[in-house]
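Here is a short guided look at one protein chain. Take a moment with the sequence and the picture, then read on.

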Amino acid sequence: MNFHTRKWVKPEDLNPNGSLFGGTLLRWIDEEAVIYAIVQLGNPHVVTKFISEINFVSSAKQGDIIELGITASEFGRTSITMRCEVRNKITRKTILSIDKLVFVNLDAEGTPTPHGKTEITYAYMSVDKFTKDGSS
C-alpha cells in the first residue's frame, strides 16, 4: 500500500475528547480515495458508492502527523474497489482501516459507464486532459 497523503492533526480537527474527530478523518479518506479513483479511471466523474465497516484501531492527537494509504483491490465493469489504511507517520501505528471503498465511473450525464480498466495504472495526467463539459 502506498502512503501519499499526510495530514497534520490541528486543534480544529479534534473532538471534545482531544483526539482526531472521526468525521474529519472520513472526509479526508473520501477525498483521497476519489482522487485515486479519478487518476486510475482517467475520468473526473466518479462518485462514492459504498464504504464498508470502518475499523478505528487507535486515535490520533493534536500534533500527530498521519498518513493515508489507498490501493485498488478490484476493478468492476463500472467501478473500482479500494482498501485504505491510516497510520501515524512517526510510530507507524494503525489508526484506521477500511477493507472496501467502492467508487463508480459516470458519464457526463451521471449514468454509470464502463471504464475499461483492469489493473492499477500510475500514469500522470495533465490538467488539460479534462474539459469543462466533462469530455476527455
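## A buried glutamate

E67 is buried, with a relative accessible area of just 1%. Keep in mind, as you look for this residue, that the model is predicted. Which strand holds E67? The residue lies in strand β4, which covers residues 65–75.

The strand around E67 is well covered too. Eight of the 11 residues of β4 are buried, so this strand is largely enclosed by the rest of the structure.

## Salt bridges around E67

In general, side chains of opposite charge can pair when their charged atoms come close. E67 gives you several examples. One is with R6: the two side chains meet in a salt bridge at 3.5 Å, N to O. Because R6 lies in strand β1 and E67 in strand β4, this pair ties together parts that are 61 residues apart in sequence. R6 itself is partly exposed, with a relative accessible area of 43%.

R87 is another partner, and its side chain meets that of E67 at 2.5 Å, N to O. R87 lies in strand β5 and E67 in β4, so here the linked parts are 20 residues apart in sequence. Is R87 buried or exposed? With a relative accessibility of 18%, R87 counts as buried, since the cut-off for that word is under 20%.

The side chain of R92 also forms a salt bridge with E67, at 3.1 Å, N to O. R92 sits in the loop between β5 and β6, so the pair joins parts 25 residues apart in sequence. R92 counts as partly exposed, at 44% relative accessibility. Salt bridges that share partners join R6, E67, R87, K89 and R92 into one network. How many salt bridges are counted in total? The count comes to four.

## How the strands line up

The partners of E67 also show up in the pairing of the strands. Strands β1 and β4 run antiparallel and are joined by six bridges, with E67 in β4 as the bridge partner of R6. On the β5 side, E67 stands opposite R87. Another match between these strands is G69, whose bridge partner in β5 is E85.

β4 and β5 pair in the antiparallel sense over nine bridges, and they form a hairpin with three residues between them. Strand β5, residues 79–88, is mostly covered, with eight of its 10 residues buried. From there, β5 pairs with strand β6 (residues 94–105), again in the antiparallel sense, over eight bridges. One facing pair is I80 and F103, the latter in β6. The hairpin of β5 and β6 has five residues between its strands, and R92 in the turn has a positive phi of about 65°.

## The helix

Helix α1 covers residues 22–41. At 1.5 Å a residue, its 20 residues should span 28 Å, and the end C-alpha atoms are indeed 28 Å apart, which agrees. Buried residues of α1 include L25, W28, I29, Y36 and L41. The buried residues of this helix pack against β1, β2, β3, β4, β5 and β6. After the helix comes G42, whose phi is positive, near 70°.

Two glutamates in α1 are worth finding. E31 counts as partly exposed because its relative accessibility is 43%. The C-alpha atoms of E31 and T48 are separated by 9.7 Å, with the two residues 17 apart along the chain. E32, also in α1, is buried yet has no salt bridge. Its nearest side chain of opposite charge is K7, 7.2 Å away. Leaving aside neighbours within four places in sequence, E32 is in contact with H4, T5, L68 and I70.

## The whole chain

Now step back. The protein chain has one helix and six strands, and from the N terminus on its elements run β-α-β-β-β-β-β. Buried residues make up 38% of its 136 residues.

Among contacts between residues at least 6 apart in sequence, 67% join residues at least 24 apart. The chain exposes about 8000 Å², and carbon and sulfur atoms supply 51% of that area.

Terms used. Residues are numbered from 1 along each chain as its sequence is written. This is a predicted model: local features need pLDDT of at least 70, side-chain atom pairs count only at pLDDT 80 or more; totals for chains, interfaces and linings use all residues. Side-chain values use heavy atoms; hydrogens and water are left out. Buried means under 20% relative accessible area, exposed over 50%, partly exposed in between (1.4 Å probe, protein chains only). Helices (H or I, at least four residues) and strands (E, at least two) are DSSP runs, numbered from the N terminus. Two strands pair if DSSP finds at least two bridges between them. The expected span of a helix is 1.5 Å times one less than its number of residues. Contact means heavy atoms within 4.5 Å. Lys and Arg count as positive and Asp and Glu as negative; His and the chain ends are not counted. Accessible areas come from the Shrake-Rupley method with a 1.4 Å probe; for residues, only the protein chains shown count as cover.
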